[in-house]
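Let's take a walk through this structure together, one contact at a time. Keep the 3D view open and follow along.

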Amino acid sequence: MPDLVALGEPLVQFNAVTEGPLRYVTYFEKHSAGSEANVCVAVSKLGLSSGLITRLGNDEFGFFIYEWLRGQGVDVSRVKFDPERPTGIYFVQRSYPVPGVSTVLYYRRGSAASALSPSDLDEEYIAGSRFFHTTSITMAISDSARETVMRGVEVAHRRNVMVSFDVNIRRLLWPSIEEAVKAVEGVLKNVNVLFLDENEGELLFGTRDPQGVFKEAEARFGISRVILKMGLKGSVARWDGETVSSKAFQVPVKDPIGAGDAYAGVFLASVLKGLPPSKAIVRASAAAAMVVMVRGDEENLPREVDLEVFLRNYGLSDVELR
Ligand code: KDG
């Protein structure tokens, strides 16, 4: 069974080759993306095993994602093809109107993954893994997908598998922010490792302050492993009573989408390798920086050797970090 099992919707990403408003963009580059799929690839590239539970359309885009994930070493044995619904896609507009910031245009309503249902969960497959990972994106795409996330998290918790949850609130996918918050609050009691950013800290816990977020997460939901991402200010984690932090590595940014998944995937893979949180957080920050240097979420996800070279270039020895 894979070390990490994720549940969520992979998407084909069409990334604008040129910057600026999409109405003037002529060329798009095709990539395999989607938050939980990105995490699976991040884990697999570091030499661990991962598997994705999802549904794809029985169409060219579905075949592309399936073959891509399989090529990256992700176990696709729990991927189902839906003969009636299409694979979800989205477009990325880069550096307009804000330089270095990307915006997305989704075409995923009624997608194959939106028909995910609890019957797609193989309990023994989840129970055999060490981490079960998902996000609120999957909770937003349909009622049945939300129910699947709730059930998956419950199953993992009951079978003593560590549950990792990246809050990842995508405002475009929710009718209201209140609904998003309510849905996330509904799973948190079964979560062991929580990734979130400062805005999500504010929404869920009423504070952006790391110590405040850690305190509330523990007091309200019993979560003692919380990782707070603060953009250019770096990140801080509270891990079983220990607080660790990392700077954000400054790199030339082509497209920031996918940074959070690189971060979560490399953090979890590092923990799975037995590294302490102080090292996991630096490696995760490095990986997040690496993926934003190119278009596409997964192409720059590092292998161990790439992480080592990157960190050495920034004056940090990965021998110490390993
Ligand atoms: O984190 C990157 C993902 O957000 C992106 O690939 C698309 O999963 C996606 C989403 O729903 O926004």
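Start with E304 and K273, which form a salt bridge whose closest N and O atoms are 2.7 Å apart. Since E304 lies in helix α11 (residues 304-313) and K273 in the loop between α9 (259-272) and α10 (277-291), the pair ties together parts that are 31 residues apart in sequence. Are these two residues buried or exposed? E304 is buried, with a relative accessible area of 15%, while K273 is partly exposed at 35%. One thing to keep in mind as you look around: this is a predicted model.

That pair has plenty of company, as a search of the whole structure turns up 23 salt bridges. Another of them joins R78 to D122, with 2.8 Å between the closest N and O atoms. Here R78 sits in the loop between β5 (74-75) and β6 (79-82), and D122 in the loop between β8 (102-107) and α3 (123-127), so this pair ties together parts that are 44 residues apart in sequence. R78 is partly exposed, with a relative accessible area of 25%, and D122 is partly exposed too, at 24%.

Now find R159, which forms a salt bridge with E124, the closest N and O atoms being 3.0 Å apart. This is again a link between distant parts of the chain: R159 is in the loop between α5 (143-158) and β10 (162-166), E124 is in helix α3, and 35 residues separate them. R159 counts as partly exposed at 30% relative accessibility, and E124 is partly exposed as well, with a relative accessible area of 46%.

Which residues do shared salt-bridge partners join into one network? They are R55, K80, D82, R85 and D120.

Next, turn to the ligand. It is surrounded by 14 residues, and the closest are Y90, Y106, R108, D261 and D297. What sort of residues make up this shell? It divides into 6 nonpolar, 4 polar and 4 charged.

Look at the ligand's oxygen atoms and you'll find some polar partners. One ligand oxygen is 2.7 Å from an N or O atom in the side chain of R108. The side chain of R170 also has an N or O atom 2.7 Å from an oxygen of the ligand. With G34 the partner is a polar backbone atom, and the distance to a ligand oxygen is 3.0 Å. How much of the ligand does the protein bury? Taken alone, the ligand exposes 310 Å², and the protein buries 96% of that.

On to the rings. The structure holds 15 aromatic pairs. In one of them, F28 and F91 have ring centres 5.3 Å apart and planes at 80°, so the pair is edge-to-face. It links distant parts of the chain, with F28 in strand β3 (residues 28-33) and F91 in strand β7 (residues 89-94), 63 residues apart. F28 is partly exposed, with a relative accessible area of 30%.

Another edge-to-face pair is F195 with F267, at 5.8 Å centre to centre and 85° between the planes. Because F195 lies in strand β11 (residues 193-197) and F267 in helix α9, this pair ties together parts that are 72 residues apart in sequence. Both F195 and F267 are buried. Back at F28 and F91, you can trace a cluster: ring pairs link F14, F28, F61, F91 and Y107.

Last, a few backbone details. Most residues other than glycine have a negative phi, and most peptide bonds are trans. With that in mind, check the peptide bond from Y96 to P97, which is cis, with omega near 0°. P97 is found in the loop between β7 and β8.

Then there are two asparagines to look at. N160 has a positive phi of about 65° although it is not a glycine, and N168 also has a positive phi, near 45°. Where do they sit? N160 lies in the loop between α5 and β10, whereas N168 lies in the loop between β10 and α6 (177-187). N160 counts as exposed at 72% relative accessibility, while N168 counts as buried at 8%.

Technical notes. Residues numbered from 1 in each chain as written. Predicted model: local features only at pLDDT ≥ 70, side-chain atom pairs only at ≥ 80, totals over all residues. Heavy atoms only, no water. Salt bridge = Lys/Arg side-chain N within 4 Å of Asp/Glu carboxyl O. Helix = DSSP H or I, 4+ residues; strand = E, 2+ residues; numbered from the N terminus. Buried < 20%, exposed > 50% of the residue type's maximum accessible area, 1.4 Å probe, protein only. Near = heavy atom within 4 Å. Polar contact = N/O pair within 3.5 Å; in protein donor to acceptor, adjacent residues only side chain to side chain. Areas by Shrake-Rupley, 256 points an atom, 1.4 Å probe, with all protein chains shown as cover. Nonpolar A, V, L, I, M, F, W, Y, C, P; charged D, E, K, R; others polar. Phe/Tyr/Trp six-rings, centres within 6.5 Å; stacked < 30°, edge-to-face > 60°.
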